[in-house]
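Me: I am new to this structure. Can you teach me to read its pockets?

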Amino acid sequence: MVRKIAGATRVPVPGGKVIDEYVGRVNSGDAEVSIARMVAPAGWEEPAQTPEFAEYTLVLRGMVVVEHEDGVTEVGAGEAFVSHPGEKIRYSAGPDGAEYIAVCLPAFSPETAGREA
């Protein structure tokens with residue numbers, strides 16, 4: 001059955017990052033997948049996390065910096081990256097900030113993100 005999703009729900013997060021969830025637990029009630037547009041200002045960073053979901057990310061503008069077990073990967077506009085469940089990662093935005101689309105399987109939830117304090 002086709003379902004139109006007319007818009008996103010803005011998910012509040014600290015640090016100036018904006019998350020607009022289109023598909024997922026918050027906006028559409030989907031637990032299988034989440035699709036969100038993120039906008040992060042220059043200098044934004046978040047704590048390390050070890051999520052229980054895979055995350056597929058497409059960078060639209062700027063740069064996302066991904067710290068992981070093997071080092072640091074800079075992902076620019078037009079590039080994508082994948083992180084797998086159980087991988088410890090830490091995201092931050094490049095010097096010009098970042099705009100990107102994140103797809104999580106299963107859907108993102110704070111309980112399964114595994115964020116460090």
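Reply: We will go through the pockets one by one. Keep in mind that this model is predicted.

Me: How does one find empty space in a protein?

Reply: A probe the size of a water molecule is rolled over the atoms, and that shows where empty space is left. Here, the largest pocket holds about 340 Å³ of space.

Me: Which residues lie nearest the centre of the largest pocket?

Reply: Val11, Ile19, Met38, Phe108 and Arg115 do. They belong to a lining of 23 residues. Three elements each give two or more residues to that lining: strand S2 (18–23), strand S3 (34–40) and strand S7 (89–105).

Me: Which element gives the largest share of that lining?

Reply: S7, with four residues.

Me: And how do the residues of the lining of the largest pocket divide by class?

Reply: The lining has 14 nonpolar, three polar and six charged residues.

Me: How much space lies in the second largest pocket?

Reply: About 150 Å³.

Me: Which residues line the second largest pocket?

Reply: Val66, His68, Glu69, Asp70, Thr73, Val75, Phe81, Val82, Ser83, Glu87 and Ile89. Strand S4 (54–68), strand S5 (71–76) and strand S6 (80–83) are the elements giving two or more residues to this lining. The largest share, three residues, comes from S6.

Me: How many residues of each class are in the lining of the second largest pocket?

Reply: Five are nonpolar, three are polar and three are charged.

Notes: Residues are numbered from 1 along each chain as its sequence is written. This is a predicted model: local features need pLDDT of at least 70, side-chain atom pairs count only at pLDDT 80 or more; totals for chains, interfaces and linings use all residues. Side-chain values use heavy atoms; hydrogens and water are left out. On a 1 Å grid over the protein atoms alone, a cavity is a set of points where a 1.4 Å probe fits but cannot get out, and a pocket is an open set with protein on both sides within 12 Å along at least five of seven lines; lining residues have an atom within 4 Å of a point. Grid points are joined across faces, edges and corners, and a volume is the space filled by probe spheres set on the points. Ala, Val, Leu, Ile, Met, Phe, Trp, Tyr, Cys and Pro count as nonpolar, Asp, Glu, Lys and Arg as charged, and the others, Gly among them, as polar.
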